[in-house]
Structure formats: structure tokens, C-alpha cells
Amino acid sequence: MAKKSSSDSFLGGLSESRKMEILGILVMAVGGLLGFSIVTYNPADYTLIQSLSTDSLFALDQGPALRIQNGLGVVGAYLAHFFVHLLFGYMSIIMPLIIVGYGWFIFRNRDIGLMLWPTAYGIWSMVLLSTILGWLNTNYEWVESVWNGSAGFYIARILQNITGIGSIIILSVLLLTTLLALLDRDLQNTVERVKEWIENIKASYADWKERRRQKKEEKRKQKQQEAEQKEIEKQRQAEQQMRKKSQQSEQRQAKTQTETKAEPEEEEPEPRSIDDIVEESQKRDRERMRKQKEEVKSLDQRPRADIEKKKIAEEEEDDVDISVYVGEGDEQADEKELDEQNKGKAKEVPKVRYKFPTIDLLDSPPNEGNDVDLEEIKENKRIILDKLKTAQY
């Protein structure tokens with residue numbers, strides 16, 4: 001009786017809610033330590049714990065127990081080997097989460113019955129994910145065996161042996177339904193919610209497109225306004241330049257008029273017609289031909305041989321024989337008297353006169369078609385002037 005009273009005195013000072021809080025903390029601590037051991041799992045730890053003896057656990061020197069890599073030591077190595085290697089691999093981390101959830105409900109003094117659905121869903125998800133990873137590891141070796149564990153590997157092999165390639169289809173459907181159940185327990189509500197999400201996404205996309213179109217339209221209008229403003233500015237500048245040029249031109253004209261007031265105005269020649277130009281050209285041609293004929297008439301018409309004879313005769317006339325008389329003895333005269341005597345002798349020499357035949361002795365040249373056709377020249381000039389006049393216009 002005394003023993004009971006001491007126990008009541010130890011717990012009698014705590015209220016019921018305080019007791020539940022302490023229990024919840026302890027449960028959450030257990031779940032946290034279990035999760036820590038699973039996360040720090042090392043496959044080599046199990047080989048070390050098999051070689052351990054009871055004495056080595058309590059030995060003070062460094063033994064095999066100190067070489068265990070698991071964060072929870074020997075206990076953690078055992079727990080991690082059981083959950084990771086033997087059961088569902090790293091997917092077993094869901095179990096510590098469920099335990100922590102129970103501890104939280106206890107700590108918060110909530111109804112533990114609310115944890116039944118999360119517990120069932122968590123265990124089912126753990127088995128399903130481990131089985132899917134085991135199937136992938138069996139067929140493709142995409143993942144390591146520590147992710148699916150021995151239990152997930154054997155379940156996947158058995159399902160594949162029974163259903164063949166349909167096993168992956170079954171696992172995919174189960175995974176889809178599991179995800180839908182996570183969203184909402186009622187699948188109809190889940191479908192409606194998914195449809196609502198899709199409609200919201202479509203509406204958001206349509207709103208985004210409309211905003212983008214409005215921005216593009218605003219940018220286009222802004223660019224158009226800027227272009228119009230630039231065009232107006234260019235026109236204004238052009239008008240200013242035109243006014244400036246007009247003022248400068250008026251100033252130059254006024255200056256020119258003032259300078260030319262005293263000077264008589266010259267009458268501009270009236271434009272001549274093509275007939276006048278042709279007539280004037282014909283007159284110039286006739287005048288030129290007349291001058292050429294006069295020049296031909298003025299030339300010496302004698303044959304070249306006669307002309308050469310005349311030149312020779314003229315040269316002979318110039319060669320006058322002069323006789324020089326020089327006296328002897330007393331008959332010698334001075335130089336002046338000799339010169340006078342020589343000039344007198346030269347005058348006594350007779351001059352020979354030759355008359356050349358006239359041009360009447362020559363025959364007229366034959367007509368070899370060298371006459372100039374004035375009508376043809378006139379027509380050619382008219383054609384050329386017409387072409388020039390057309391080119392000017």
C-alpha cells in the first residue's frame with residue numbers, strides 16, 4: 001500500500017494533459033531516432049554487428065562497435081538493416097513519419113482516430129513505391145537495391161511473374177489512383193477539381209495572351225504616334241527651309257532688279273524655225289562653194305612642166321653674164337671706173353622673153369560624179385535638226 005501511494009505521489013502532481021504532452025514528445029522522439037537510423041544506413045554496418053559479442057559492447061577500448069557508421073550506433077544499425085534491407089528500402093522513411101504524426105496528435109491532445117487514414121495511406125504508398133522501384137531495378141537496374149529493399153524486390157518479381165508486362169501497367173494505374181486519393185478521397189471531387197484547375201489554367205493563359213496583345217497594340221500605337229510626330233516635324237522643317245529659300249530668292253531678285261534698272265534690257269532673240277535654220281545653212285554652203293570656185297580660178301592653170309620651165313627661165317634671166325675688163329699698164333683704171341664699165345656692159349646684154357601657152361590648150365576634166373547634191377544635203381540637215389529638236393523635248 002505504501003508502494004502505491006509513492007507511485008501516486010510521483011504522478012499525482014501532473015495533470016492528464018501534461019501526461020499526454022510528455023507521451024507525445026516521447027513518441028515523436030522515437031519516430032525521429034528511427035528516421036535518423038534509416039537515413040544513415042550503411043550496408044557494411046550489418047557485417048560488423050554480426051561479429052560483435054556482448055563483451056565488446058561494454059569494452060572501454062576501441063572495438064568494432066566504434067567503427068559502425070550508423071548515426072544511432074548498434075541499435076540504429078539493426079533498425080536500419082531491418083527497415084531498409086529487409087523491408088522497403090529508403091521508402092521505409094514513411095514509417096518514422098507516421099510515428100511522428102501519432103506523437104504530434106498525442107502532444108496536441110487530438111483524436112488519434114484521425115490518424116487512421118494517413119496511416120493506411122502512408123503504408124500503402126510505401127509498399128507501392130518500393131514495388132515500382134523494385135520493378136525498375138529488376139528490368140533496367142536504374143536504381144540501387146537500397147531504394148526498394150528486399151520486400152519491394154520480391155513483390156515486383158511475383159507481380160511480374162503473374163501478369164508479365166502488364167505488371168507495370170497495373171503499378172502505373174495504382175500510382176495514379178494513389179495520387180488522386182492524396183488530393184481528395186472522393187475521386188469525383190478530384191476529377192472536378194482537376195477540370196477546374198485546367199479551366200483556370202486556360203483562363204489564365206487567355207488573360208496572359210490578351211494582356212500581351214494589348215501591350216503590343218499599345219506599343220504599335222506609340223510607334224505610330226512617334227512616326228507621325230517625326231513626319232510632322234520633318235514637314236515643318238521642310239516648310240521652314242522653303243520659306244527661307246523663298247526669302248533668299250526674293251532678296252536676290254530684288255538685288256538683281258536694282259542692279260539692272262540702269263542697264264537697257266536686251267531683247268531676247270526669237271526662236272527660229274527649222275526652215276530658217278536650213279535656209280541659213282544653205283546660204284553658208286553656197287557662199288563657201290562660190291569662194292572655193294574663185295580660189296580655183298585664181299590658181300595657175302598651167303601644167304606643172306610649164307611652171308617649172310618658167311621658173312628655170314626666170315633663174316636664167318637672173319644669171320646675167322658680166323664681162324670684166326682689166327687694162328694693162330697705163331690703161332689700168334681705178335676701181336670706180338671699172339665698176340662703171342662693167343655695169344655698162346651688163347646693160348648691153350639682150351634679155352630673152354618667153355611666152356607660155358594659154359589654158360585653152362587643156363581639155364576639160366571628165367565628169368566622174370563628184371558634183372555636190374544640194375538637195376540631198378538639205379534633206380540630211382532637216383532630218384538631223386528634227387532629231388535634235390525631238391531630243392530636246
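Biologist: What is the relative accessibility of Arg 290, and which burial class does that give?

Modeller: This is a predicted model, so to speak a computed one, where local features need pLDDT of at least 70 and side-chain atom pairs count only at pLDDT 80 or more, while totals for chains, interfaces and linings use all residues. Residues are numbered from 1 along each chain as its sequence is written, and side-chain values use heavy atoms, with hydrogens and water left out. For the classes, buried means under 20% relative accessible area, exposed over 50%, and partly exposed in between (1.4 Å probe, protein chains only). Arg 290 has 38% relative accessibility, so the class is partly exposed.

Biologist: Which residue forms a salt bridge with Arg 290?

Modeller: Side chains of opposite charge can pair when their charged atoms come close. The cut-off for a salt bridge is a side-chain nitrogen of Lys or Arg within 4 Å of a carboxyl oxygen of Asp or Glu. Here the N to O distance is 2.3 Å, and the partner of Arg 290 is Glu 287.

Biologist: Where do Arg 290 and Glu 287 sit, and how many residues apart are they?

Modeller: Helices are DSSP runs (H or I, at least four residues; strands are E, at least two), numbered from the N terminus. Glu 287 is partly exposed, as its relative accessible area is 33%. Both residues belong to helix 11 (residues 274-298), about one helical turn from each other, because their spacing in sequence is three residues.

Biologist: What is the N to O distance in the salt bridge of Glu 217 and Arg 220?

Modeller: This pair lies in helix 10 (residues 187-259), three residues apart, or about one turn of the helix. Glu 217 is partly exposed at 27% relative accessibility, and Arg 220 is partly exposed with a relative accessible area of 43%. Their side chains meet at 2.4 Å.

Biologist: And Glu 21, which residue does that one pair with in a salt bridge?

Modeller: Glu 21 is in helix 2 (residues 16-39), with its partner three residues away, about one turn of the helix. Glu 21 counts as partly exposed, since its relative accessibility is 24%. The closest N and O atoms are 2.8 Å apart, and the partner is Arg 18.

Biologist: How many salt bridges turn up in the whole structure?

Modeller: The pairs we went through include Glu 21 with Arg 18 and Glu 217 with Arg 220. A search of the whole structure gives a total of five.

Biologist: Let's leave charges. Which side chain makes a polar contact with the side chain of Ser 167?

Modeller: Ser 167 is in helix 9 (residues 166-183) and counts as buried because its relative accessibility is 0%. Leaving out residues up to four places away in sequence, Ser 167 touches Trp 135, Leu 159 and Gln 160 (contact means heavy atoms within 4.5 Å). A polar contact is a pair of N or O atoms within 3.5 Å; within protein, one must be able to donate a hydrogen and the other to accept it, and residues adjacent in sequence count only if both atoms are side-chain atoms. At 2.9 Å, the side chain in question is that of Trp 135.

Biologist: What is the phi of Asn 109, roughly?

Modeller: Asn 109 is in the loop between helix 6 (94-107) and helix 7 (116-139). With 54% relative accessibility, Asn 109 counts as exposed. Although Asn 109 is not a glycine, its phi is positive, about 55 degrees.
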